[in-house]
Amino acid sequence: MSADSTGASYASAGVDIEAGDRAVDLMKEWVSKATRPEVVGGLGGFAGLFDASVLKRYERPLLASATDGVGTKVDIARRMGVYDTVGHDLVGMVVDDLVVCGAEPLFMTDYICVGKVYPERVAAIVKGIAEGCVLAGCALVGGETAEHPGLLGADDFDIAGAGTGVVEADRLLGADRIRTGDAVIAMASSGLHSNGYSLVRHVLFDRAGMALEREVAELGRTLGEELLEPTKIYSLDCLALTRTTEVHAFSHITGGGLANNLARVIPDGLHATVDRSTWTPGAIFDLVGSAGAVARPELEKTLNMGVGMVAVVPQESVDVALTTLADRGVDAWVGGEIVERGGHTEAVTLTGDYAA
């Protein structure tokens with residue numbers, strides 16, 4: 001078949017390979033910052049390489065794997081034109097799932113899907129992911145940027161990531177370690193994190209008609225700035241706890257709220273009681289509740305309500321745990337305890353009212 005200058009091409013279908021190459025060039029600086037000594041090679045290979053000989057120091061290394069995205073929070077980033085914060089959210093969602101079992105995050109890969117490649121935007125997203133990896137102590141060893149014209153609008157995008165960590169088998173944390181009398185230590189969230197944004201967007205935009213540019217006195221900033229507040233990354237803080245004192249379990253408070261996520265690490269026969277009066281949820285949670293007349297049970301099963309991570313520790317570890325977290329700048333407190341299941345039908349009960 002002879003060449004036809006009017007024939008179809010990848011570019012005419014909406015895919016700009018040159019723009020993709022430009023995006024890679026722009027992101028190289030940031031990826032190079034998110035590394036570890038075990039990383040082999042650089043950006044541009046078909047696969048990221050990590051020197052697994054580091055596992056030789058383990059007696060029985062268990063590899064942990066997790067994958068996640070940031071949900072409809074990407075819509076806020078798109079509308080705000082701010083692309084360098086949702087990467088923090090992505091890393092937090094992945095590495096803080098890994099650390100729940102006591103695993104040290106080793107490396108991540110990312111996937112960025114866009115309607116049209118704007119190199120500076122893609123590079124900004126990767127910048128945020130790389131910065132998040134630095135905060136988490138893991139490497140960003142590779143990723144993929146895909147352009148999907150016709151399926152996504154030119155300004156639309158989504159991101160996902162996968163991470164791998166390692167934990168010594170005899171240091172694996174979880175429900176089997178939890179005992180009656182253990183304390184439930186709550187760690188403050190930085191805000192909504194990356195969950196419940198479908199509800200938040202419906203309430204604040206569709207029902208209340210609020211604009212992202214609106215200054216909200218209770219928040220002390222614009223609504224958009226609040227909604228883009230990055231997810232707090234707890235992985236290094238949690239690992240520090242495991243080094244300084246005994247920890248029985250962690251629970252990452254994401255979609256499903258505090259009770260449902262904590263229940264995932266509570267063993268049969270035991271029960272966690274959490275006292276709401278030990279903390280005050282941030283103003284954004286009250287705003288969502290009041291603007292949409294959202295009942296407290298609905299809020300609590302959708303949003304983190306101000307608690308982003310939980311550690312379950314023996315009573316004798318409480319003081320050291322709280323001191324360790326305070327020294328690392330983490331706002332934490334004893335929020336509850338582990339008791340016998342008794343007549344409780346649920347694994348977790350929230351009691352009392354939130355502090356004013």
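This tour moves through two sheets, two helix pairs and three loop residues of a predicted model.

Residues are numbered from 1 along each chain as its sequence is written, and side-chain values use heavy atoms, with hydrogens and water left out. Because the model is predicted, local features need pLDDT of at least 70 and side-chain atom pairs count only at pLDDT 80 or more, while totals for chains, interfaces and linings use all residues.

**Stop 1: the four-stranded sheet**

Select strands E3, E6, E4 and E5, which form an open sheet in that order with mixed pairing. Helices (H or I, at least four residues) and strands (E, at least two) are DSSP runs, numbered from the N terminus; two strands pair if DSSP finds at least two bridges between them. The edges are held by E3 and E5, each with a single partner strand, so one side of each lacks a neighbour in the sheet. On average, and ignoring direction, neighbouring strands here are turned by 15 degrees against each other. Axes are lines fitted to C-alpha atoms, for helices over the stretch in contact, and angles run from 0 to 180 degrees between N-to-C directions.

Next, select E6 (residues 157-168) alone. Nine of its twelve residues are buried, so E6 is largely enclosed by the rest of the structure. Buried means under 20% relative accessible area, exposed over 50%, and partly exposed in between (1.4 Å probe, protein chains only).

Add E3 (residues 61-69): nine bridges join E3 to E6, and the two run antiparallel. Two positions can be labelled here: Pro 61 stands opposite Glu 168, and Thr 67 has Ala 162 as its bridge partner. Then add E4 (residues 104-114), which pairs with E6 in the antiparallel sense over ten bridges. In this pairing, Pro 105 of E4 faces Gly 165 of E6.

**Stop 2: Gly 137**

Keep Pro 105 on display and select Gly 137, in the loop between helix H4 (119-136) and strand E5 (139-147). The C-alpha atoms of Gly 137 and Pro 105 are separated by 7.0 Å, although the residues lie 32 residues apart along the chain. Neighbours within four places in sequence aside, Gly 137 is in contact with Arg 36, Pro 105 and Leu 236; contact means heavy atoms within 4.5 Å. Is Gly 137 buried or exposed? Its relative accessible area is 26%, so Gly 137 is partly exposed.

**Stop 3: the six-stranded sheet**

Select the open sheet with the strand order E10-E12-E7-E13-E11-E14, whose pairing is mixed. Its edge strands are E10 (249-252) and E14 (348-351), each pairing on one side only. The average turn between neighbouring strands of this sheet is 25 degrees, direction ignored. At the E10 end, E10 and E12 (residues 307-313) pair in the antiparallel sense over four bridges. His 252 stands opposite Met 309 of E12.

**Stop 4: helices H7 and H11**

Display helix H7 (residues 235-244), which lies across E7 (183-188), E10 and E12 and runs at about 170 degrees to E10. Now add helix H11 (residues 318-327): the axes of H7 and H11 come within 10 Å and cross at roughly 140 degrees. The two helices are therefore oblique to each other; angles under 35 degrees count as roughly parallel, over 145 as roughly antiparallel, 65 to 115 as roughly perpendicular and the rest as oblique. The crossing is right-handed.

Which residues make the contact between H7 and H11? From H7 come Asp 237, Ala 240, Leu 241 and Thr 244, and from H11 Val 320, Ala 321, Thr 324 and Leu 325.

**Stop 5: helices H5 and H9**

Select H5 (residues 197-207) and H9 (residues 283-291), whose axes come within 9 Å and cross at roughly 60 degrees. Val 200, Val 203 and Leu 204 of H5 meet Leu 287, Val 288 and Ala 291 of H9.

**Stop 6: two residues with positive phi**

Most residues other than glycine have a negative phi. Select Ala 293, in the loop between H9 and helix H10 (296-300); its phi is near 50 degrees, a positive value. Ala 293 counts as exposed, at 67% relative accessibility.

Finally, select Met 305, in the loop between H10 and E12. The phi of Met 305 is near 55 degrees, likewise positive, whereas Met 305 is buried, with a relative accessible area of 7%.

Methods
A crossing is left-handed if the near helix is turned anticlockwise from the far one by less than a right angle, and right-handed if clockwise.
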